[in-house]
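Me: Please take a close look at one part of this model, the contact between the two chains. I would like a connected account.

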There are 2 protein chains.
Amino acid sequence: MQAQAITVSAENLLLTSGSQQALDLVARVLIEPGDVALVELPSYIGGTAALHNAGAELVGITMQEDGLDPALVAAQVARLRQLGKRVKLLYTIPNFQNPSGITLSAIKRQQLLALAVQENFLIVEDDPYGELYFDAPPPPAIKSLDCHDQVIYLASFSKILTPGLRTAWVIAPALIAERLERAKEAADLCSSMLDQAIVAECCHQGLLEKRLAYLRDFYRQRCHAMLNALSTYAPADTWWTKPTGGLFVWWELLPHCDATALLPAAVEQKITYVPGAPFFVTDAKPYSLRLAFSKESPPRIAEGIARLCTLLNSTS
Amino acid sequence: MQAQAITVSAENLLLTSGSQQALDLVARVLIEPGDVALVELPSYIGGTAALHNAGAELVGITMQEDGLDPALVAAQVARLRQLGKRVKLLYTIPNFQNPSGITLSAIKRQQLLALAVQENFLIVEDDPYGELYFDAPPPPAIKSLDCHDQVIYLASFSKILTPGLRTAWVIAPALIAERLERAKEAADLCSSMLDQAIVAECCHQGLLEKRLAYLRDFYRQRCHAMLNALSTYAPADTWWTKPTGGLFVWWELLPHCDATALLPAAVEQKITYVPGAPFFVTDAKPYSLRLAFSKESPPRIAEGIARLCTLLNSTS
């Protein structure tokens, strides 16, 4: 697994009940009211909500097709510093991001890490999808480059084994891992023993590797069906991402479209998606939406996209 | 089960990963910084810590042999009101309390509930041990008397089935249950599906009732061995509780004894206990300690108490 590229000792490792708990604990431990957390635009709602609930001021930075632009991040950090604010951390999902499907390029990973070291903020690297690549693995985790204890890395068995076994892990600098462990104890004492034992056995017996091979093929077929259908049917001048792994495609319709208003008509056609606006902490794009290629068969995905495009053309 | 005396509908019920998570969620949802939480002296550290972490001011009230004195609670509430403080809740473990083993009497349950209604504070009734009675069940849960949505009831399968299956439940007024559910989702999305399914199957197949019958007998024998040994060997003028269920005996030594300082010598004699001081949010009694009769056989418990008493007599 990709995560094996990260050197870990026991003092850096904490198991959590899914990555959502890790996000909640990280936010509770690190954020003091008024701290700034930099987040991607768009970003995972459970992550931004955890930071918000802990009292962080969220500052969003628009992504490019290969992830956050380090120059834009540096400019935001400088601006916030001038306002006397403390930038505590950057929250990123570098691989096949939820909701956008975007992957952060190797060079940008290095640049963002260098910036974090220079400006002394932490990077919270949330990586639930990294193993779900279709052909080639994504670039090495930011954590694997981290010589200065600047990165907290989160990963999970939810998307690669099964979500019901609430088992995820955090790799953090030792002092932060110790605080996370105390916060975990206060939150629920410990996670399910049985879930952890089953996950460990699946790893030992090689079932996880088999499952990963199956899932990569499963999602590859479905993503290709979706991207092909979009190429064939999508209204002109709309834009979508071309993920190389994960579960999601991000689609930006024409600016006058409202993805939330469109949803009931889509559901009537037995198609559903998640409107994009809630994934933005600022500068929401109401004309964006998240498609998932995680469930239906490739032909049904293609049919669904065709029906959705017919609907879009009829309402525009 | 005792808990069946409480009328519950789905909108009142939430499953949590152990009662520790329920305590953490209740505290996070209800406490605003500066709110007062009334707690028993002594009380469960995980409960008082959750309230403290959420920003509560903790005010302790000494227990009597049959639990909190409603007159003392009323006096504290009046005093705090005069200081302009808001008393948000009372946290109580009414059955075979941790750490004291004390059970709140039936009449005091009624009086405390009436006081809560009159003074408009919530009661958080934490009941992990109620089913572990030796002979007769404890008085009905305060929640079973609650006609005014004043009580949040917590119980767990940890002590009555197995602690590794992280499955507990909260019964709360609908509006509070809804807030707890949202907080639970932010904290870890959901609990282990497998743990919940196993617990449900144990209940359906009657295994829980069998297990309870076994545990009641198991702990009854061990508690009696401990109480008999204390009657025989304990230094004069020391005082201990006589639990009718649960896992714990509370022992107050002579006031010049320091239970923390004594512990290393006890451990050398292969006896251990938990010093009492950390169980107090104020007015700590350093000469108190918590004994558990949860593990060793009755003869070994009796021998352990005898050795501990020899040690106490030799150091006093």
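Reply: What follows describes the contact, then the fold behind one side of it.

This is a predicted model, in which local features need pLDDT of at least 70, side-chain atom pairs count only at pLDDT 80 or more, and totals for chains, interfaces and linings use all residues. Residues are numbered from 1 along each chain as its sequence is written, chains are lettered from A and ligands numbered from 1 in the order in which they are written, and side-chain values use heavy atoms, with hydrogens and water left out.

Chain A and chain B each give 22 residues to the contact (heavy atoms within 4.5 Å). Together they bury about 1,600 Å², with 52% of it on carbon and sulfur atoms; buried area is the accessible area (1.4 Å probe) lost by two parts on being put together, summed over both.

Between the chains there are 2 salt bridges (a side-chain nitrogen of Lys or Arg within 4 Å of a carboxyl oxygen of Asp or Glu). Asp24(A) and Arg28(B) form a salt bridge, with the closest N and O atoms 3.0 Å apart. On chain B, helices H1 (18-30), H5 (174-188) and H6 (193-204) each supply at least two residues of the side that touches chain A; helices are DSSP runs of H or I with at least four residues, and strands are runs of E with at least two, numbered from the N terminus.

H1(B) also lies across strands S1, S5, S6, S7 (151-156) and S8 (168-171) of chain B, and runs at about 160° to S7(B) (axes are lines fitted to C-alpha atoms, for helices over the stretch in contact, with angles from 0 to 180 degrees between N-to-C directions).
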